[in-house]
Amino acid sequence: MDTETGNAGNSNQAYKVLARKYRPTRFEDLIGQEALVQTLSNAINMNRIAHAFLLTGIRGIGKTTTARIIARALNCVGPDGKGGPTINPCGECEQCLAIAADRHVDVLEMDAASRTGVGDIREIIENVHYRPVSGRYKIYIIDEVHMLSNSAFNALLKTLEEPPPHAKFIFATTELRKIPVTVLSRCQRFDLRRVDAAAMQAHLTHICEKEAIQATPAALAMIARASEGSVRDALSLLDQAIAHAMGQVEEHHIQAMIGTADRGRIFDLLEHVSSGRASEAVQLAQSLYYEGMDPSLLLTDSLDVLHVITQIQLMPDMAADLSLPADVRQRASEMAQKLSMPALVRAWQTLFKGLQEVKQAPSPLQALTMVLVRLAYMSELPPPNDLWKLVKPGSGSSAQAAPVQFAPKRQEPLPVMAQAPVLQIVPQPPAVHVMPPLANDREANNVATTVASPEDFHALVALFSERREMVLHQLLRSQVVPVECGDGRLVLKPVGSALTPDFAGRISHCLRVWTGAPWMVVLDETAEAKTESIAAKEASHAKHVREALLARPDVKEWLEAFPGAEVEDVKPPEVSHSAEDELLARSA
């Protein structure tokens with residue numbers, strides 16, 4: 001690998017950090033960016049070089065480095081001075097040397113984070129039409145381009161639309177979504193991928209060999225994982241580890257440096273909570289905390305381990321993944337055989353929610369303790385599918401009953417293991433006294449579509465829901481009962497106090513627009529109604545079903561199995577109106 005000049009062993013020269021010393025100078029030195037290299041190679045070989053490139057990716061992945069390599073590739077003239085654009089810049093000609101030393105007059109770098117205004121871009125626009133002084137192309141590299149103001153983007157847009165043939169733009173950003181679409185559409189975009197842990201570890205191993213540094217594979221693997229795909233972050237961590245270790249870099253040096261616990265103790269913690277040993281789990285977590293382990297990092301590492309266990313359970317071949325340490329593969333395989341997939345998913349959700357609680361809590365240690373206690377007690381709960389068998393063994397027919405959901409009473413807190421999900425009842429909307437404009441007026445005037453007149457009151461009410469007149473729909477359900485409905489005539493008896501004087505007129509207007517026929521709507525307070533409002537009938541039906549359900553022996557056994565719980569809501573299967581009326585008739 002070609003590197004920038006610098007000798008760490010020469011005491012007469014300032015030390016150059018690894019991230020700068022081993023910055024790639026050729027495309028072949030880029031790690032994990034094969035798609036980018038292949039595309040650029042084809043473009044250069046076919047002489048189809050774009051006028052603007054956009055490089056996006058996480059911090060430290062090599063966006064600016066790649067931009068400089070592209071500039072070198074486009075301006076390289078070869079050792080003999082007669083070469084053209086090439087995917088393999090020679091690194092020897094004056095163009096390559098000047099770009100590497102950041103002194104090329106035609107390769108201009110600009111940091112948009114500090115120069116965001118339209119005046120900075122206007123300077124580029126005014127100079128872009130002048131031909132390059134010494135290079136083949138005048139190249140503008142704008143880092144963190146998403147920081148430009150809207151006016152600066154607008155000023156740049158015209159130049160990107162009609163650039164002079166000798167000018168090339170290379171933009172780099174970590175925030176792709178903040179760049180206007182008009183700019184994106186005029187650039188050839190390259191997404192620089194995160195470097196996977198195996199490739200990163202191999203890269204670190206190679207550098208350690210060149211620097212004569214002794215480092216264990218486990219330590220380098222930990223650095224590779226901690227870098228999260230950023231090459232610069234990995235090299236910075238390696239630099240710090242070399243200084244910290246003062247000799248051979250081992251795993252415990254990395255753990256002490258970045259504040260993580262060794263994976264073995266994370267596995268111990270997960271085994272404690274999965275076996276319901278809350279006391280042991282809390283003691284281990286407190287021990288790690290006082291050793292300097294951050295509670296949020298502890299939960300993050302636990303989530304990483306859970307993910308590995310889940311992967312091994314789903315894909316047993318992962319147990320042979322050499323990118324994972326041998327002890328991690330062994331213990332993860334053992335736990336994958338012990339834990340079920342529902343238990344793993346439940347643990348993941350609990351830890352993920354607990355991570356948010358720890359970050360927001362006044363005392364992260366207290367929040368961590370409660371998360372572990374919650375997870376330990378949850379491990380004693382059987383899967384939901386097995387609960388019915390535990391409450392009423394051998395009752396296959398009763399399992400088809402309407403679903404029942406339990407919620408703890410607020411005045412009597414339940415033990416953690418006895419808690420169950422809470423489903424809150426959504427109340428009816430409050431009485432409406434101000435009628436908003438009709439939502440369908442504009443649609444009715446622009447779209448000449450009609451529907452058949454509703455056959456009965458239920459169909460009429462459903463029509464208001466379909467046409468999204470939800471205020472009128474709710475009033476028809478709860479504030480009136482039908483007396484007569486059909487043949488363009490609707491007689492309603494008010495049963496509530498939320499109707500406004502224009503209610504009948506609005507109903508008539510909607511029905512006339514939708515059906516194409518006139519409708520007479522009458523509110524008769526003296527009429528005799530033979531039924532209740534739709535909402536009242538549904539409430540009566542729900543009350544009857546609830547009472548019948550609470551009287552069932554199997555439900556009583558459920559309530560006894562969960563002391564202090566109560567039925568919060570009942571959701572019977574949906575039935576048609578005729579079936580509902582028949583059911584109410586039977587209950588009567």
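Here is a quick tour of a predicted model, from the whole chain down to a few helices and strands.

**The chain overall**

The protein chain holds 25 helices and 10 strands. Of its 588 residues, 42% are buried. Take the contacts between residues at least 6 apart in sequence: 71% of them join residues at least 24 apart.

**A pair of strands**

Strands E2 and E3 pair in the parallel sense, with 5 bridges between them. To get from E2 to E3, the chain passes through helix H5, and this β-α-β crossover is right-handed. If you want a spot to look at, find Met110, which sits opposite Ile142 in E3.

Here are the elements of that unit:

| Element | Residues |
|---|---|
| Strand E2 | 107-111 |
| Helix H5 | 118-127 |
| Strand E3 | 138-143 |

**Two crossing helices**

Next up are helix H10 (residues 231-245) and helix H11 (residues 251-258), whose axes come within 10 Å and cross at roughly 110°. Angles of 65 to 115 degrees count as roughly perpendicular, so that is how H10 and H11 lie to each other. On the H10 side, the contact is made by Leu237, Gln240, Ala241, His244 and Ala245. H11 brings His253, Ile254, Ala256, Met257 and Ile258.

**Helix H15**

Does the length of H15 (residues 326-338) come out at, above or below what its 13 residues should span? At 1.5 Å a residue they should cover 18 Å, and the end C-alpha atoms are 19 Å apart, which agrees. The buried residues of H15 are Val328, Arg329, Arg331, Ala332, Ser333, Met335 and Ala336. Their cover includes helix H12 (263-274) and helix H14 (295-314).

How values were computed
Residues numbered from 1 in each chain as written. Predicted model: local features only at pLDDT ≥ 70, side-chain atom pairs only at ≥ 80, totals over all residues. Heavy atoms only, no water. Helix = DSSP H or I, 4+ residues; strand = E, 2+ residues; numbered from the N terminus. Expected span 1.5 Å × (residues − 1). Buried < 20%, exposed > 50% of the residue type's maximum accessible area, 1.4 Å probe, protein only. Contact = heavy atoms within 4.5 Å. Pairing = 2+ DSSP bridges. Right-handed = clockwise from strand over helix to strand, strands pointing away. Axes fitted to C-alpha atoms, helices over the stretch in contact; angles between N-to-C directions. Parallel < 35°, antiparallel > 145°, perpendicular 65-115°, else oblique.
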